[in-house]
Amino acid sequence: MMDAPHSLWRATVPEPGSFPALERNLSVDVAIIGGGYTGLSAACHLAEAGASVALVEARSIGFGGSGRNVGLVNAGLWVPPDSVEARLGTPAGTRLNAALAEGPEVVFDLIARHQIRCEAVRNGTLHCAHSAAGLRDLTARFAQQQARGAPVALLDPAQTASRTGTTAYLGALWDGRAGTIQPLAYAQGLARVARQYGAQIFEHSPALAVSRTGDGWSVSTPKGTLRAARLIQATNAYGAGRAGQNPVIPAHFFQLATAPLPVALQSAILSGREGCWDTAPVLTSLRMEASGRLLLGALGNLDGPGRGPHAAWARRKLEKLFPQLRGIGFDHAWTGRIAMTTTHLPCVHSLGPKAVSIFGYSGRGIGPGTVFGRAAAQWALGTGDFPVAITDPAPEPAVALKAAALETGAVLTHLVGARH
Ligand SMILES: Cc1cc2nc3c(=O)[nH]c(=O)nc-3n(C[C@H](O)[C@H](O)[C@H](O)COP(=O)(O)OP(=O)(O)OC[C@H]3O[C@@H](n4cnc5c(N)ncnc54)[C@H](O)[C@@H]3O)c2cc1C
């Protein structure tokens, strides 16, 4: 089976590394399950510090959210910082906000230090107001970020139109810490760096079972077993089989990419190459990539029965935002699963002695996944800890119902939106 078919990122990845399957028994200090940003960042930082580490990935590197996302490297979470502090209490919330505010710095530093070829552009991102209520939300977010010394600016409608190339928005919050990447290329680059430092990486090696053996852990895959003193599970919304499941609500998000646009249009749309998304509850994301393709994304599943309404909406939305693109079709289409938690905050669950599962970035995982992966390395080495408390696993009730409600909401919104 192909991994994430039709993804533009898979078609254009510049460092398409490949790794063998685990076909023997292996003992290491730290075993990692999952080859996305969290697992790979942990592997890089552990191997760089001299630990022996092995990572097993069920499919291929970046098969999950890390190879399918929009590529907006944002600071913090979706939840604004005051709400994070309200939910966790001031000391814990302040700690998490501070750790994730530096997410883009950690990501772009790794990219620069290891010369990862992933189309990195650090010109900030634009959060665009789709309505008066959206503008009020952005104004509140602006005040919260400004109070924390973040390099942010609130743009008026004219400035927003000149930066985005569309008059559809009432304003925008620009965040200068942020930027864009080719997401799969970043994951592949991290895998290359981890291997260079000595990490052993195995693809097509699903963890089928995890068990406690002696004072360590045993991870069984179809053709080999990994033994380790410490275990890091980093499977987020892509848990394959019982060994990788997390209590998350899967929310689908799709993207469509045009062919490279004519040069005149490339310079009229998102000319500063900021990535952007809007304040709508069923949000729209927009960005250009290196060869001048425009990417449009939204909540919804193109691999399910809602494909027709989602795709029809996307064509109309593109023309509504940019009338000059009338008649331009999409070359690539793909969907990914976002790991939502009820609080919209990431979780670190204890799986037993010296074993954790890290998940639940709720749609904001490039910076946070990299930061939590680095924290996992420090936790495993005994030199640091996570920016959230390690808690006992708690089931997420009515997951299927909540996921169906999200998809139904997206389909209905797109059916209505497609008429305009
Ligand atoms: C469509 C979409 C758009 C998004 N846009 C953005 C964005 O613009 N900016 C942003 O910051 N975040 C974004 N996100 C969120 C971000 O992509 C994720 O939070 C992040 O990639 C999570 O990384 P991860 O390493 O924790 O998990 P993943 O990248 O999902 O990796 C988990 C891996 O574990 C593997 N696995 C699962 N079970 C097993 C097993 N049993 N054995 C071995 N391996 C296993 C999977 O195959 C998978 O490769 C988006 C997500 C999606 C889906």
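This passage describes the ligand site, two residues of helix 12 and the nonpolar cores of a predicted model.

The ligand is surrounded by 36 residues, and the closest of these are T38, E57, S66, L72 and A240. By class, the surrounding shell consists of 16 nonpolar residues, 16 polar residues and four charged residues. Helix 2, which spans residues 37–48, contributes at least two residues to the shell, as does strand 16, which spans residues 330–340. Strand 16 provides the largest share, with three residues.

Polar atoms of the protein lie close to the ligand at several positions, among them E57, A58 and L72. At E57 the side chain is involved: one of its N or O atoms is 2.6 Å from an oxygen atom of the ligand. At A58 the backbone is involved instead, with an N or O atom placed 2.9 Å from a nitrogen atom of the ligand. A polar backbone atom of L72 is likewise found 2.8 Å from a nitrogen atom of the ligand. The ligand taken alone exposes 1,000 Å², of which the protein buries 98%.

Helix 12 covers residues 399–419 and contains L406; H414 also lies in this helix. The two residues fall into separate accessibility classes. L406 has a relative accessible area of 40%, so it is classed as partly exposed, a class that lies between the limits of 20% and 50%. H414 has a relative accessibility of 1% and therefore counts as buried, since the limit for that class is under 20%.

The contacts of these residues were listed without neighbours up to four places away in sequence. On that basis, L406 touches I249, P250 and A251. H414 is in contact with F254, V282, A298, L299, P309, H310 and W313. A further position for comparison is H332, which is 74 residues from L406 along the chain; the C-alpha atoms of H332 and L406 are separated by 24 Å.

The largest nonpolar core of the model has 61 residues. Within this core, Y186 and I232 touch the most other members. Apart from neighbours within four places in sequence, I232 is in contact with V30, A31, I32, I33, A42, L46, V356, I358, A376 and W379. A second core, separate from the largest one, is made up of 25 residues, including L261, L294, A298 and L318. One of these residues, A298, is also among the contacts of H414 in helix 12.

Methods: Residues are numbered from 1 along each chain as its sequence is written. This is a predicted model: local features need pLDDT of at least 70, side-chain atom pairs count only at pLDDT 80 or more; totals for chains, interfaces and linings use all residues. Side-chain values use heavy atoms; hydrogens and water are left out. A residue is near a molecule or strand if one of its heavy atoms lies within 4 Å of it. A polar contact is a pair of N or O atoms within 3.5 Å; within protein, one must be able to donate a hydrogen and the other to accept it, and residues adjacent in sequence count only if both atoms are side-chain atoms. Accessible areas come from the Shrake-Rupley method with a 1.4 Å probe; for residues, only the protein chains shown count as cover. Helices (H or I, at least four residues) and strands (E, at least two) are DSSP runs, numbered from the N terminus. Ala, Val, Leu, Ile, Met, Phe, Trp, Tyr, Cys and Pro count as nonpolar, Asp, Glu, Lys and Arg as charged, and the others, Gly among them, as polar. Buried means under 20% relative accessible area, exposed over 50%, partly exposed in between (1.4 Å probe, protein chains only). Contact means heavy atoms within 4.5 Å. A nonpolar core is a set of buried Ala, Val, Leu, Ile, Met, Phe, Trp, Tyr and Cys residues joined through side-chain atoms within 4.5 Å.
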